[in-house]
Amino acid sequence: MNVDEILKVLWDEQVDCLLIGGMNFLIRHRPELTFDVDVWVRGDSDNLPNLNRALRQLGAEWGRTEAEWAPVPDSWHWLEGQGVFCLTTRHGALDVFRDVRGLEGRYADCWARAIPSSTAAGIAFRGLADEDMLACQEALPPGERNLRRMEVLREAIRRARGQ
Amino acid sequence: MDSDQLKKREERKRDAAYDPVERWKHIQQTITWAEANMPPELRRNRPRTARTRSDQQ
């Protein structure tokens, strides 16, 4: 997967979004097996057209059913249909979240706390803060939590607070 | 449908639609990218300073 290309197109198209999930954790903390890019987008009518343009540039495909799988349409309104979309792009798998479990309705707060960063190739992005990554894990049912990730995040938060 | 069910349904659809050759190429690219983007102290092939004989004395 060409993660840099996905992040670059999102940035170039001025998509208001945060990198979340395993890639964000990997860049900031520890290697973790993950084969998709997860982004949380501001899900309003100002931002979704930018997102749709970026998706079309990335060659994204999605379908309401397997039989309807196809390049994403010109009009951005399909993005209003549900809270999460798992897409393919020519650069790899991309998950787009309009809301994130454990952080529902708190995009603006999380954006303000997010960490501006860049990949090794110099591609800029904002990554969800450790406290918010931890809140996502804590919102999962106990059997689905990533305990190693939670332990690393708690330790990083403790260190950042100087404890 | 709750958000967990929706996510699982979305992943199933994508798995079915993903071209296996493309997917394998993307997995290989991801491993390379991940190695380059890990925190420096965790990279496998990071430069190390060779120990010289005088270091050991």
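Okay, let's start where the two chains meet: 28 residues of chain B are in contact with 40 residues of chain A. Keep in mind, please, that what you have up there is a predicted model.

So how much area do chain B and chain A bury between them? About 2,500 Å², and 61% of that sits on carbon and sulfur atoms. If you want names to look for on the chain B side, try B:K13, B:R14 and B:W33. Those three lose the most area to chain A, and together they make up 28% of what that side buries.

Now the charges and polar groups. Between chain B and chain A we count five salt bridges. One you can find on screen is A:D95 with B:K7, where the closest N and O atoms are 3.4 Å apart. Polar contacts across this interface come to 16 residue pairs.

Which elements of chain B give two or more residues to the side that touches chain A? They are α1, residues 3-17, and α2, residues 20-37. The largest share comes from α1(B), with 13 residues. Sort the residues on that side by class and you get 12 nonpolar, five polar and 11 charged.

Let's zoom in on one helix pair. Helix α2 of chain A, residues 21-28, packs against α2(B) at an angle of about 35 degrees, and their axes are 8 Å apart. From α2(A) the residues are A:M23, A:L26 and A:I27, and they meet B:T30, B:W33, B:A34 and B:N37 of α2(B). By class, this contact has five nonpolar residues, two polar ones and no charged ones. And yes, B:W33 is a name we've heard already, from the residues that lose the most area to chain A.

Next, over to chain A by itself. Strands β7, residues 115-118, and β8, residues 124-127, pair in the antiparallel sense over four bridges. If you're following along, A:S117 has A:F125 in β8(A) as its bridge partner. Five residues lie between the strands of this hairpin, and A:G122 takes a positive phi near 90 degrees.

Last stop, salt bridges again. Over all chains the structure holds 20 of them. Here's one inside chain A: the side chains of A:R42 and A:D16 meet at 2.6 Å, N to O. Where do those two residues sit? A:R42 is in the loop between β2 (36-41) and α3 (48-57), while A:D16 is in the loop between α1 (3-12) and β1 (17-20). They are 26 residues apart, and the pair links distant parts of the chain.

That's my tour, thanks.

Terms used. Residues numbered from 1 in each chain as written. Chains lettered and ligands numbered in written order. Predicted model: local features only at pLDDT ≥ 70, side-chain atom pairs only at ≥ 80, totals over all residues. Heavy atoms only, no water. Contact = heavy atoms within 4.5 Å. Buried area = accessible area lost by both parts, 1.4 Å probe. Salt bridge = Lys/Arg side-chain N within 4 Å of Asp/Glu carboxyl O. Polar contact = N/O pair within 3.5 Å; in protein donor to acceptor, adjacent residues only side chain to side chain. Nonpolar A, V, L, I, M, F, W, Y, C, P; charged D, E, K, R; others polar. Pairing = 2+ DSSP bridges. Axes fitted to C-alpha atoms, helices over the stretch in contact; angles between N-to-C directions.
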